[in-house]
Amino acid sequence: MAVLAELKNLTKYYGPRMVLNHISMQVYEGEILALLGPNGSGKTTLLKVLAFLLKPDAGETKFQGEIVDEKNSERMRLQSTLVFQRNLLFNTTVFNNVAYGLRVRRVPKIEIATKVTEALKIVKLIGFEKRSAKKLSGGEQQRVALARALVLNTKLLLLDEPMANLDPKNASILEEVIVTANRELKTTIVLATHNMFEAKTMPHRIALINDGRITEVGSSADIFGRLSKNLASFAAVDNTFNGTAKITEAGTSIVDVGNGILIEAAFQRQDETSVFISPQDIILSKRSLESSARNVFRGRITQISDLGSLVKLTVNVGKLFVVQITKRSFSEMDLNLGDEVFIAFKASSVQML
Amino acid sequence: MVERLNPIVDGITKAFQLIFSGDPTVYGIAYRSLFFSGTAAVLAILWGTPIAMLLSLKDFPGKSLVKGFFTSLIGMPTVALGLILFLLFSKDGPLGFLQLLYTPGGVILGEAILVTPLIISIAVNAIESVDHEIMNLAETLGASESQAYIAVLKEAANGVIFSGLACFNRAFAELGVALIVGGSIVARVGGTDVLTTDISMYIARGNFSMAIALAMILLVIVFGINLIILIAKNPKAIITWGKMPQ
């Protein structure tokens with residue numbers, strides 16, 4: 001595969017702090033590359049360098065074989081677009097937001113109207129053209145931001161935590177759009193995420209980044225399949241647990257992750273393993289429910305975070321589990337910090353890393 | 001007590017008569033004031049906004065000092081500025097060749113200089129309150145640096161417009177610059193008298209009815225503009241105004 005972008009020995013400081021530490025990597029044409037790492041690992045800074053918004057303090061950036069510097073960065077930016085993690089929208093209509101990049105490129109009006117309509121169709125926001133972009137829901141705003149990037153059909157599309165703070169419906173739409181854009185438009189995509197489930201399903205390759213360093217690069221099967229030590233060190237990633245597995249008579253595995261927490265998983269594995277349970281797969285209740293879920297734990301709510309239409313709760317059952325529920329459920333259940341709750345998830349929801 | 005109030009009541013009554021009769025003198029002065037202050041505000045916006053953008057979006061040594069300097073100039077006494085401009089524009093002054101003293105142009109320029117620090121300070125606040133990533137957003141969508149600045153300015157448009165209205169208010173209601181630089185010349189063509197200078201003049205002459213009439217027009221316009229600013233900032237306030245809380 002041809003190399004689209006290349007970083008050689010890149011270093012970037014924010015004041016005295018080294019944010020990118022001698023980063024070298026290549027981005028191939030037509031691939032989806034995930035930058036996987038915890039918060040503060042340098043993912044956003046790296047994306048901004050690839051978007052030619054930030055000049056590195058040392059090292060070299062190449063795009064399509066050409067070295068990028070101050071003289072040509074403005075021209076290069078026409079080939080690369082970054083969708084920010086925060087919903088960054090202009091204070092105007094959805095149409096004007098999506099059309100902005102086209103107007104800057106002096107695309108004729110008639111063509112702008114057609115392209116904007118096509119882009120909104122892809123992100124399933126047809127009919128939203130005249131609505132105020134800032135008054136949309138979080139998920140809709142993220143889709144507007146994506147449409148605004150897709151409409152430009154740049155060679156490189158950079159996505160900073162695209163699925164963060166999205167409910168499952170919007171996350172699913174976004175994932176479909178990203179995969180379609182890569183497949184149909186042959187757009188090269190680099191997405192930054194701290195969510196291992198996201199990194200496992202979409203990209204062709206994964207680059208692990210931690211403390212400003214690329215620690216490992218490989219295919220998804222490679223990184224997750226051989227239980228990368230670097231991956232297992234991402235202790236800060238939600239609902240990832242290291243433990244010892246034992247195969248049961250029923251053909252499942254019981255993974256002892258410590259503190260008396262035994263997780264039943266629907267795969268067969270013996271000895272050391274790492275498991276992950278998606279926050280969306282965990283059911284939260286105030287009473288113990290009779291269900292098919294093999295994993296039920298009692299604990300207390302230790303943290304509550306408002307994510308717009310969703311609420312993220314951390315529950316301490318002996319180990320910390322992150323659960324994601326809708327705001328409506330949260331208020332109907334009248335949940336508060338310190339409340340005793342039950343979490344439940346199926347054995348099939350447990351993913352082996 | 002009643003006897004002491006008689007001249008005031010008399011003055012107010014005659015003032016209403018002057019206003020509602022469409023007295024040409026009254027309205028001529030009002031129009032000239034609006035024209036001078038309006039033009040001054042526009043000039044201040046034109047040269048003040050780029051300065052505000054520079055102070056908001058660019059980093060340079062001494063930036064805080066420059067910002068502080070403009071903020072401190074907001075409180076400049078109008079008579080002090082009037083005196084400085086008089087000395088500059090007078091026949092023997094360094095800018096005497098411009099022949100601006102006692103001319104409408106001189107008044108407009110003086111008022112524009114007076115309100116420039118105000119527009120810079122308010123516009124800087126407005127621009128700095130725009131999300132700092134908007135520049136990056138515009139640039140990643142293909143904008144050049146200047147196009148990105150315009151994108152930021154558009155996001156701060158409400159604040160910049162309010163700063164323009166605030167400038168107009170300040171220019172409209174000031175006395176010192178108009179009096180000293182303009183000389184308050186009463187003339188059909190080339191006159192430099194405005195509402196504030198004429199209020200002062202008519203009081204000195206004992207013509208209270210004219211003074212009150214002009215003061216009422218001045219207050220209506222100033223309060224009217226503040227009301228417009230208030231409504232524009234919160235249109236819902238008008239819809240819910242008067243409704244009892246539930």
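**Helical architecture of chain B and strand pairing in chain A**

Among the contacts in chain B with a separation of 6 or more, 75% are made by residues 24 or more positions apart. The model described here is a predicted one. The secondary structure of chain B consists of twelve helices and zero strands, so that, read from the N terminus, the order of its elements is α-α-α-α-α-α-α-α-α-α-α-α. Chain B comprises 246 residues, of which 38% count as buried, and its C-alpha atoms fill a box of roughly 70 × 65 × 30 Å along the principal axes.

Helix 2 of chain B, which covers residues 24–57, contains 34 residues and spans 48 Å between its first and last C-alpha atoms, a value close to the 50 Å expected at 1.5 Å a residue. This helix is nevertheless bent by about 35° at Gly48(B), and a proline, Pro50(B), follows within four residues of that position.

The contact between the two chains draws on twelve residues of chain B and 17 residues of chain A. On the side of chain B that touches chain A, helix 6 (134–140) and helix 7 (145–155) each supply at least two residues, and helix 6 of chain B gives the most, with four residues.

In chain A, strand 7 (residues 156–160) is largely enclosed by the rest of the structure, because five of its five residues are buried. In a regular strand the side chains alternate between the two faces of the sheet. In strand 7 of chain A, Leu156(A), Leu158(A) and Asp160(A) point one way, whereas Leu157(A) and Leu159(A) point the other way, and the residues of both groups are buried.

Strand 7 of chain A pairs with strands 6 and 8 of chain A. Strand 6 of chain A (residues 80–83) runs parallel to strand 7 and is joined to it by four bridges, with Leu157(A) in strand 7 acting as the bridge partner of Thr81(A). Strand 8 of chain A (residues 188–193) is likewise parallel to strand 7, the two being joined by five bridges, and here Leu158(A) stands opposite Val190(A) of strand 8. The connection between strands 7 and 8 of chain A includes helix 6 of that chain (residues 168–184), and the three elements together make a right-handed β-α-β unit.

Antiparallel pairing is found in other parts of chain A. Five of its strands form an open sheet in the order 13-12-11-14-20, with antiparallel pairing. The edges of this sheet are strand 13 (261–265) and strand 20 (350–352) of chain A, each of which pairs on one side only. On average, and with direction ignored, neighbouring strands of the sheet are turned by 45° against each other. Within this arrangement, strand 11 (residues 240–247) and strand 12 (residues 253–258) of chain A run antiparallel and are joined by four bridges, and Ile247(A) has Ser253(A) of strand 12 as its bridge partner.

A further open sheet in chain A has four strands in the order 2-1-4-5, again with antiparallel pairing. Strand 2 (17–28) and strand 5 (66–67) of chain A stand at its edges and have a single partner strand each, so one side of each is left without a neighbour in the sheet. Strand 5 of chain A is joined by two bridges to strand 4 (residues 58–63) of chain A, the two running antiparallel, and the bridge partner of Phe63(A) in strand 5 is Glu66(A).

Positive phi values occur at residues in loops of both chains. Most residues other than glycine have a negative phi, and most peptide bonds are trans. Asp334(A), a residue other than glycine, has a positive phi near 55° and lies in the loop between helix 10 (327–333) and strand 19 (340–345) of chain A. Asp334(A) counts as exposed because it has 8 C-beta neighbours inside 10 Å, the limit for this class being 12 or fewer. In chain B, the phi of Ser184(B) is near 50°, also a positive value in a residue other than glycine, and Ser184(B) is located in the loop between helix 9 (176–182) and helix 10 (195–205) of that chain. With 19 other C-beta atoms within 10 Å, Ser184(B) is partly exposed, since a residue counts as buried at 20 or more.

Conventions: Residues are numbered from 1 along each chain as its sequence is written. Chains are lettered from A and ligands numbered from 1 in the order in which they are written. This is a predicted model: local features need pLDDT of at least 70, side-chain atom pairs count only at pLDDT 80 or more; totals for chains, interfaces and linings use all residues. Two residues are in contact if their C-beta atoms, placed from the backbone, lie within 7 Å. Two strands pair if DSSP finds at least two bridges between them. A crossover is right-handed if, with the strands pointing away from the viewer, the path from the first strand over the helix to the second runs clockwise. Axes are lines fitted to C-alpha atoms, for helices over the stretch in contact, and angles run from 0 to 180 degrees between N-to-C directions. The expected span of a helix is 1.5 Å times one less than its number of residues. The bend at a residue is the angle between axes fitted to the seven residues ending there and the seven starting there.
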